[in-house]
Each structure stands twice: as structure tokens, then as C-alpha cells.
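Please work through the exercises below with the sequence and the structure open beside you, and try each task before you read its solution.

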Amino acid sequence: MNSKSIIDLLSEEVPRKKTPIYEVIGSFILRDFKIWWTYKFWLTLDISGSILFVATYYIFSMITTPERIQEAGYTTGGYFTFALIGIAFQRYVFFAVQSINESIREEQWNGTMETILSSATDFKTFLLGETSFFFIASSAFLLITLFTGILLGATFNATPYSILSSIVLSILLIASHMAIGILSAGIIMKTKQGNPLTWAFSWMTQLVSGVFYPLKLLPWYLEWVGRIFPLTYSLDGIRLCLQAGKDLLNPVVLYDALNLLLFTIIATPIALYLFRKGYDAARADGSLGQY
Amino acid sequence: MNLKDLIDLFRDEGRNNSSNLIHIWAVFWANFKIFLSYRTWVITETLSTIASIIMYFFMGLQVDAQRLVEAGYGCISWLSFALVGIASENYLWMCISRISHSMQHEVREGTLEPIIASPIRLSSYIIGQSIRGFITSSYFMLGVLIVGIFVLRTPLMVGPENLLSFLVILLAMVASYMGIGITAAGIILVYKRGDPLTFLFASITEFLGGVLFPLNYLKDYPILWTLAWLMPYTYALDALRRVLLTGATLASPDVLKDLTILGIYAIIFIPIGLKVFRWGCDRIRDEGTVATY
Amino acid sequence: MEYTVETFDLTKVFKGEKEGGKRLSVKAVDHVNIKVRRGEFFGLLGPNGAGKTTLIKILCTIIIPTEGTATVNGFDILKEPEKVRSSFGWFHGETGGRSLYWRLNAEDNLKFYAYLQNVPRELAKKRIDALLDFFELSKDRHKLVKEYSTGMKVRVMLARALIHNPPILFMDEPTIGLDTISAVETRKLLKALSVELGKTIVFTSHNMYEVEQLCERIAIMKDGRIIADSSPSILRDMLTDIKAIEVEIKECWSHEEIIGMLANLSIVKKVSETRNESNGLVIRLQVDDEYEAIPIVAERLRSRGVKVASILQVKPSLEDIFVRLTRGETS
């Protein structure tokens with residue numbers, strides 16, 4: 001080790017310019033993918049888990065009656081298609097939110113968080129970078145789950161317009177849950193205890209968002225709780241599109257879409273603000289790198 | 001305290017003979033205290049358990065009662081059918097994953113090195129952790145049963161004789177899986193990352209064990225049907241349902257048959273698990289990666 | 001049994017990562033033979049990665065050697081690991097407070113290990129009180145360890161190594177992460193344990209001052225091998241070719257200029273500067289003949305109006321020896 005050569009190297013003047021944001025985010029995505037790819041084995045297990053889950057509900061659907069589903073307006077496919085859409089999208093959202101939390105915890109645990117945030121990256125870029133990859137990855141999961149369902153014989157009633165509408169609804173679903181992901185990441189940074197929150201969130205949505213049964217089966221107060229969660233609107237809209245051939249021109253689907261939009265517009269700034277607060281609080285008590 | 005007093009205190013040698021019971025107790029006690037320190041986790045986990053039971057209640061509203069009758073369970077509500085499955089599957093999962101979870105923690109936190117460097121025997125460590133696992137999982141199982149029976153008014157047969165049979169079957173079930181839990185812990189020691197049990201164990205038992213639907217429906221798929229009856233859990237759940245839904249006891253021949261099979265699994269797999277665990281310990285001591293995460 | 005710790009051609013080869021189809025293996029410990037007497041304060045020195053920690057972990061039965069064996073307290077580490085495990089207390093400073101249960105308090109951590117080490121309950125309580133008091137943790141004893149500072153965690157770990165009153169202590173960088181006062185107290189404690197209670201102590205540190213102060217015998221490791229094993233004074237005699245004088249400056253106009261001027265003297269081979277305890281400037285000159293050099297340097301400094309506090313002939317420090325040996329320079 002020669003200290004002089006290092007000093008020489010560092011004293012060279014390098015003109016600094018700001019790295020474009022897409023390059024920064026691209027490098028985050030690439031990094032996360034590389035880390036993710038090292039867990040190939042666990043990945044396969046994860047996918048098998050999803051497949052098993054779908055298979056469970058396939059068999060379960062054999063002992064159900066489709067009446068309640070049809071009453072709710074989802075005319076085609078019966079209980080299995082209904083549950084398949086519920087499971088696929090609920091897992092989609094849960095996987096994304098949990099992965100964000102986990103990667104933040106990992107960064108804290110490894111002490112890389114302090115390094116990244118003390119480098120010139122600002123926190124919004126950091127967040128966008130952290131979350132982008134997991135939405136890409138969970139979309140892949142979503143497709144695998146839906147494909148398994150189709151193989152097992154899920155039937156749909158969809159038109160090109162309704163498929164397009166369901167894609168729009170999925171994008172709104174992502175946007176609205178980005179806010180939830182950011183919010184829980186902010187809480188993790190302060191409390192260092194994210195997982196219980198994510199799990200509670202997961203169970204709450206399963207209970208009241210109509211993943212496994214139409215919302216109408218719930219007593220009125222739980223139905224109202226369900227209306228807080230964006231997942232409820234997404235599931236209703238997507239099911240109407242794929243199980244009843246409706247599209248965004250249908251007033252109910254449009255109503256669902258507008259609700260999601262509204263949620264996103266209101267929740268995103270709040271989530272960013274709270275994340276900022278959590279981040280500042282962690283910096284203030286010096287626990288950024290703590291686990 | 002000054003140095004001189006401290007040194008004087010250490011002049012006296014005092015030491016007991018090695019006692020496995022004290023070691024087991026120490027492992028249990030320390031880990032139970034750690035469990036209690038995760039207060040938020042305990043609370044949210046309790047809430048999610050309750051939420052999940054309520055969810056199953058609503059799911060049950062869509063079930064065609066006729067199908068259960070056809071499957072030979074008589075005229076019972078689907079929720080009582082499912083509740084036995086959910087409670088036992090949860091319980092099994094928590095007990096079995098205890099050892100591998102704690103191994104992951106000990107490696108991650110670097111506390112495994114001091115344990116290996118102390119005179120405690122591996123089996124004492126495993127027993128201590130298991131006791132901790134039994135107690136905490138019993139808490140959650142009781143939660144499931146209490147909500148099911150008292151809040152959702154699920155009819156289950158709970159008399160003293162049923163309860164005794166229930167406990168015996170639970171113990172046999174956990175014993176039959178113990179070997180697998182210890183094996184997983186041994187594998188984690190070596191490969192550090194991820195718990196092979198976490199991902200698939202719950203989904204496989206839920207699917208193949210027939211937690212949510214009568215197993216008859218798998219008969220059309222011979223491979224799945226065979227696999228299902230290779231799993232000890234299927235026997236345990238069968239016995240538990242007989243006891244809690246139809247009022248059978250330990251004396252019933254079907255229950256006895258199930259228990260015997262569980263016992264055979266325990267006898268075969270526990271020694272294998274211990275071997276793998278020992279292999280894992282020796283391997284990391286050889287690689288020098290006891291505390292590497 | 002004369003030796004409490006003795007190794008016989010102890011060797012550890014780690015299989016490294018695969019690189020280009022070839023597995024690189026690392027000899028972390030290479031045929032090491034050391035003998036430590038009962039009650040001896042034995043220092044193990046070496047640069048990072050020299051194999052000290054691996055050697056200690058082998059003695060602690062945490063790592064299994066590839067070749068050779070060792071006895072600790074008369075028990076073979078391969079044949080009677082259980083007996084070995086109740087013979088030593090181990091402290092590993094590098095973990096920086098990992099290795100404790102962060103979700104237990106200090107008292108519970110100590111209690112846990114006391115039970116694992118079969119200390120009777122009453123005695124354990126007495127010792128825990130005493131150790132917590134000595135390490136000034138009494139008032140925080142009910143706080144969870146995760147709220148402790150690094151220094152506090154290190155002190156809990158030290159207490160843990162002592163809780164069962166073992167005859168042998170493996171102290172791997174025990175003063176790392178401690179503030180000056182705690183470090184001084186810890187050194188006093190270790191010395192007392194060795195002198196008064198006859199404990200055998202195997203000690204590693206990167207702090208040469210500390211090693212010189214404590215150790216009766218020193219082994220220097222490099223690349224897994226022991227390259228020197230002797231008392232500090234004998235080691236020092238190995239380096240008689242290093243001759244130096246130290247000039248303590250009391251007052252001067254510019255110390256860069258003085259150093260430049262002294263470096264230009266033909267009798268001076270090398271110049272370095274340090275600070276003494278009171279932060280005064282000390283210039284160290286390596287010379288061929290210190291008796292010739294002292295008057296020349298004194299005269300030159302006086303002529304430039306520099307006020308000199310002292311000029312001393314110095315013996316090579318342990319640090320000099322260490323640097324010399326581990327760099328592989330030969331005299």
C-alpha cells in the first residue's frame with residue numbers, strides 16, 4: 001500500500017456532472033437483479049409455492065357453489081377463476097411490498113444504506129431504484145400464477161377492450177401500492193420492525209379485500225373497512241373485466257379505476273413525506289445503519 | 001468493585017458437574033425471553049391469526065355442504081372441518097421451523113460460536129429450543145381454537161377424553177416431523193441462506209394434507225394421492241378430525257393405526273435428523289464458517 | 001503436565017472459492033508448534049490475516065484442524081472437546097458485540113453462559129454482580145444489549161469470558177473498541193488474573209505498547225507460520241542493527257524545515273516524526289553510530305536557534321521488530 005499514489009490519484013481534478021436519473025435507476029435494477037439471481041434455488045421454491053397455492057384452491061373450488069360469485073356480477077369462471085384472480089393480485093401486491101421492506105432491511109443490516117444515502121444519490125431516486133425492480137419481478141410472478149390457473153382450467157370471459165382495461169387497472173394497482181410500500185419502508189427505517197406490519201397488512205387485505213369471497217358476504221362494517229384498501233377496487237375491476245367481459249366504459253369499472261387514481265394521488269405525497277420523516281428521524285438518532 | 005475484591009471472588013473454584021437439565025433449561029429460558037421481547041411481532045401475529053380464522057369463516061359461506069356429506073364427514077359445517085386442519089397445520093409448522101429459525105438467528109447474530117465453544121451437548125440445545133417452540137406454538141393454536149369455538153361458534157367435540165386424545169395425536173404429529181425440522185436446521189448451518197422449510201412446507205401440507213377440502217378429491221390424481229399418504233401430516237389430520245369431528249378416541253382402531261404410523265416416522269427420521277445436524281456442525285467447524293453469514 | 005496449551009504441527013487449510021475451475025486453498029495455520037506454560041502471559045502477534053484468530057478458534061474447538069492437534073488444559077482438542085470447552089474463556093473482539101443476544105440484557109446474557117458452563121446458581125449470581133460492577137455496567141444491567149454502545153458490549157463479552165473462572169483465557173484483541181480508561185482497567189485485570197490467580201492467558205492485539213506491557217513471551221505469526229517465539233527482550237536484541245536517536249524539540253520556527261535539514265545530514269539514514277505524551281514534537285533519526293551523531297545533530301540544531309528538550313539514544317521498539325519481521329526483511 002502506498003499512500004502517496006492514492007493521494008496523487010485523489011488530487012486529480014475530475015469534472016463532476018450529475019448522472020442522469022434513468023442511469024441511476026438502471027444501475028439499481030441491475031444490482032437488485034444480480035442479488036436476486038444468486039437466490040435461484042429459493043426463487044424456484046417461491047414459484048412452486050405459488051403453484052401449490054393455486055392448486056389448493058383449484059381443489060377447494062370443487063366443493064364450492066358458484067352462486068355467490070355470480071350474484072356479485074362475476075358471471076364466468078365460477079369460484080376457481082374468482083379465487084385465482086384474487087390470489088394472483090393479492091400475492092403480487094404483497095410480494096412487492098414485502099420485497100421493498102426486505103431490501104431496505106437488508107441495506108440497513110449490511111450497512112450499505114448509509115453508504116448509498118451518503119453518496120450523491122437523493123432519497124427519491126434511492127426509493128424509486130429500490131422499488132422498481134421488485135415490481136418487475138412480482139409482475140413475472142403474477143404471470144406465472146395466472147398461467148398456472150389457466151393450465152388448471154380457469155375460464156375467462158374477456159374482450160380485447162376488457163383485457164386492455166384490466167392492464168390499466170393493474171398499472172393503477174401498482175401505482176397505489178407503491179405508496180404503501182414507501183410508507184412501510186419509512187416506518188421500517190424508524191422502528192426497524194417492518195415484517196409484522198407487512199404481515200398484518202397482508203392478512204387485513206385477505207380478510208376485507210375480497211380475495212377469497214365476494215365483498216357482499218361480509219357484514220357491513222367489514223365491507224366498509226374493505227373500501228379503504230386499493231386492492232379491493234382493483235380486484236373488483238379486474239374481475240369484472242376478465243370474468244364478465246366489461247371494460248372501462250362500464251360505470252362500475254370506471255368507478256373502481258377512479259378510486260384507485262384518487263388513492264394514488266392522495267397517498268403518494270403523504271407516503272413520501274412520512275418516508276422522509278422516518279429517514280430524517282433515523283438520521284437524527286443515528287440509527288440509519290442499525291438493524 | 002475494585003480489582004482486588006474481584007480477584008478474591010475468583011479464588012474460589014466452585015463448579016457443578018455438567019447437567020443436561022440445566023443446559024436445556026438455560027436454552028429454553030433465554031430463548032423464551034427473547035421471544036417475549038418481540039412484543040410487536042407477538043401482537044400482530046395474534047391479530048393475523050384471528051383475522052385468518054374469520055377469513056375462513058367467510059370462505060365457508062360459499063361451500064356446498066352436500067359435498068362434505070358425500071365425502072363421508074356427515075353433516076358438519078365446513079369451518080369445523082377446516083379449523084382442525086388450520087390449527088394443526090399452523091401448530092406443526094411453528095414447532096418444526098423453530099429449530100431451523102433459531103439456527104439462522106444464532107448464525108446471523110454470531111451467538112453460535114460461544115455456544116459451540118461451551119460444554120453444552122447438541123441434543124440439549126435442540127430439546128431446549130423445541131420446548132420453547134411447543135409453548136409458543138401452543139399459544140397460537142389455542143388462539144385459533146378459542147376464536148373458532150367461542151366467537152364463530154364452530155361445533156367441535158371437546159370433552160376430557162377427546163382433549164386427551166387430541167394432545168397425544170399432536171405430540172405424535174410433532175415427533176413424526178421432528179427429524180425433518182432438525183435436518184433443515186443442519187442444512188441451514190452449512191448453507192446459511194434461507195430456510196428450505198419456510199417456502200414449501202406450509203403450502204405442501206396445506207395442499208396434500210387436505211386442510212381445506214376432503215382428501216377424496218385428490219383420488220383422481222394417483223400421484224398426488226400417493227404423495228398425500230406419504231406425508232405423516234395426512235395421518236395426523238385424519239386422526240384429529242376423527243377425534244374432534246366424530247368423537248373418536250385413542251381407543252378407536254383407526255386412530256390407533258394413524259398413531260402407529262406417526263410413531264414409525266418419528267423413529268426413522270429423528271436419528272437421521274440428528275446425523276445431518278451433527279454433519280452440519282462438523283462441516284462448519286471444518287470450514288471455519290460458524291459465524292459467517 | 002507442564003504446558004497448559006500445546007500444539008503439535010497444527011495446520012488448517014481452508015478451501016477457498018472456486019476461481020476459473022481451480023479451487024484456491026489457503027493455509028491459514030501452517031504447522032504451528034507453540035507451548036504455553038501454566039500462568040504464562042503469552043502474546044500472539046501478526047498482521048491481519050496471519051492466522052491468529054484461526055489458531056485461537058482451533059484451540060476453542062470451533063474450527064477443526066486439517067492436520068496436527070493440540071492440547072488445552074491437558075485435554076486433546078480432537079478427542080475430548082467437551083473437556084476442553086470447560087477449560088477456557090474466550091473473547092473475540094473482532095465481532096464487535098455480535099455474539100451476544102441483543103434482545104436480552106447484560107445480566108441474562110451472562111446468566112445464560114454461566115448455566116452453559118455449569119456454574120452453580122448462587123456463585124453465578126455473585127460473579128455476575130461483581131463483574132457487572134467491575135465493568136461499570138451495573139446501572140445498565142437491565143437494558144437490552146441492543147441499546148449498548150460498542151464499548152459496553154465488549155465489556156459484557158469480557159465478563160462472559162470470565163464468568164466460569166476458567167484456568168485458560170483466549171483473549172483475541174480484548175481492548176478493541178474500548179476507551180482508554182476501560183482499556184487500562186482491562187489490562188490491569190488481565191495482569192492480575194495471570195499473576196495472582198495463575199491463569200494462562202493467550203493474548204492478541206495490534207497495540208504494541210499493550211503487548212510489551214503485558215506479555216512475558218511473544219510469538220509472531222505471518223502467513224500461518226510462527227516466525228519468532230521469544231521474550232520481548234530477546235526479540236529486541238535481534239535488531240541491534242537498528243540504531244536511532246530521538247530529538248525532543250522544545251521550540252522551533254518550522255518543524256518541516258528542521259526535518260528537511262536533518263534529513264540532509266550525511267550521517268542520518270532516515271527521519272520520522274512522532275509526538276510525545278504532552279504532544280511535543282519528537283524527531284527520530286536512524287543513524288549508523290549514535291555516539292557520533294548526537295553531538296553533530298545537537299550542534300546543527302543549536303546553530304539554527306532550535307531549542308532542544310532532550311536527545312536520547314533509543315532501543316528498537318517492539319513495533320520496529322514487528323514491522324521488520326512481518327515485512328520479511330532480513331538484517
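The exercises that follow concern a predicted model, and each task is paired with a worked solution.

**Exercise 1. Confidence in chain A**

Find where in chain A confidence is lowest and where it is highest.

Solution. Begin with the chain as a whole: chain A averages a pLDDT of 81, and 85% of the residues score at least 70. Then go down to the helices, where helix α6 (residues 112-118) of chain A has the lowest confidence, at a mean of 64, while helix α11 (residues 230-244) of chain A has the highest, at 93. Where pLDDT is low, the predicted coordinates should not be read in detail.

**Exercise 2. The make-up of chain A**

Determine how many helices and strands chain A has, and what share of its residues count as buried.

Solution. A walk along chain A gives twelve helices and zero strands. Turning to burial, 41% of the 291 residues of chain A count as buried. As a last step, consider the contacts in chain A with a separation of 6 or more, of which 80% are accounted for by residues 24 or more positions apart.

**Exercise 3. Which chains touch**

Establish which pair of chains shares the most contacts, and describe the side of chain A that touches chain B.

Solution. Two pairs of chains are in contact, and of these, chains B and C share the most contacts. Chain A and chain C, by comparison, do not touch, and their nearest C-alpha atoms are 9 Å apart. Between chains A and B, 29 residues of chain A are in contact with 29 residues of chain B. On the chain A side, α3 (40-61) and α9 (195-208) each supply at least two residues, and α3(A) gives the most, with eleven residues. Sorted by class, this side of chain A has 20 nonpolar, seven polar and two charged residues.

**Exercise 4. Two packed helices in chain B**

Decide whether α8(B) is roughly parallel or antiparallel to α11(B), and name residues that make the contact.

Solution. Take the geometry as the starting point: helix α8 (residues 160-191) of chain B and helix α11 (residues 232-246) of chain B pack at an angle of about 175°, with their axes 10 Å apart. Because angles over 145 degrees count as roughly antiparallel, α8(B) is roughly antiparallel to α11(B). The residues making the contact include Phe166(B), Ile169(B) and Met173(B) of α8(B), and Tyr233(B), Leu240(B) and Val243(B) of α11(B). By class, the residues of this contact divide into twelve nonpolar, three polar and no charged.

**Exercise 5. The domains of chain C**

State the bounds of the domains of chain C and how far apart their centres are.

Solution. The domain assignment of chain C gives domain 1 (3-232) and domain 2 (244-315). Taken over C-alpha atoms, the centres of domain 1 of chain C and domain 2 of chain C are separated by 41 Å.

Definitions and conventions. Residues are numbered from 1 along each chain as its sequence is written. Chains are lettered from A and ligands numbered from 1 in the order in which they are written. This is a predicted model: local features need pLDDT of at least 70, side-chain atom pairs count only at pLDDT 80 or more; totals for chains, interfaces and linings use all residues. Two residues are in contact if their C-beta atoms, placed from the backbone, lie within 7 Å. Helices (H or I, at least four residues) and strands (E, at least two) are DSSP runs, numbered from the N terminus. Ala, Val, Leu, Ile, Met, Phe, Trp, Tyr, Cys and Pro count as nonpolar, Asp, Glu, Lys and Arg as charged, and the others, Gly among them, as polar. A residue is buried if 20 or more other C-beta atoms lie within 10 Å of its own, exposed if 12 or fewer, and partly exposed in between; C-beta atoms are placed from the backbone. Domain bounds come from an automatic or database domain assignment. pLDDT is the predictor's confidence in each residue, from 0 to 100. Axes are lines fitted to C-alpha atoms, for helices over the stretch in contact, and angles run from 0 to 180 degrees between N-to-C directions. Angles under 35 degrees count as roughly parallel, over 145 as roughly antiparallel, 65 to 115 as roughly perpendicular and the rest as oblique.
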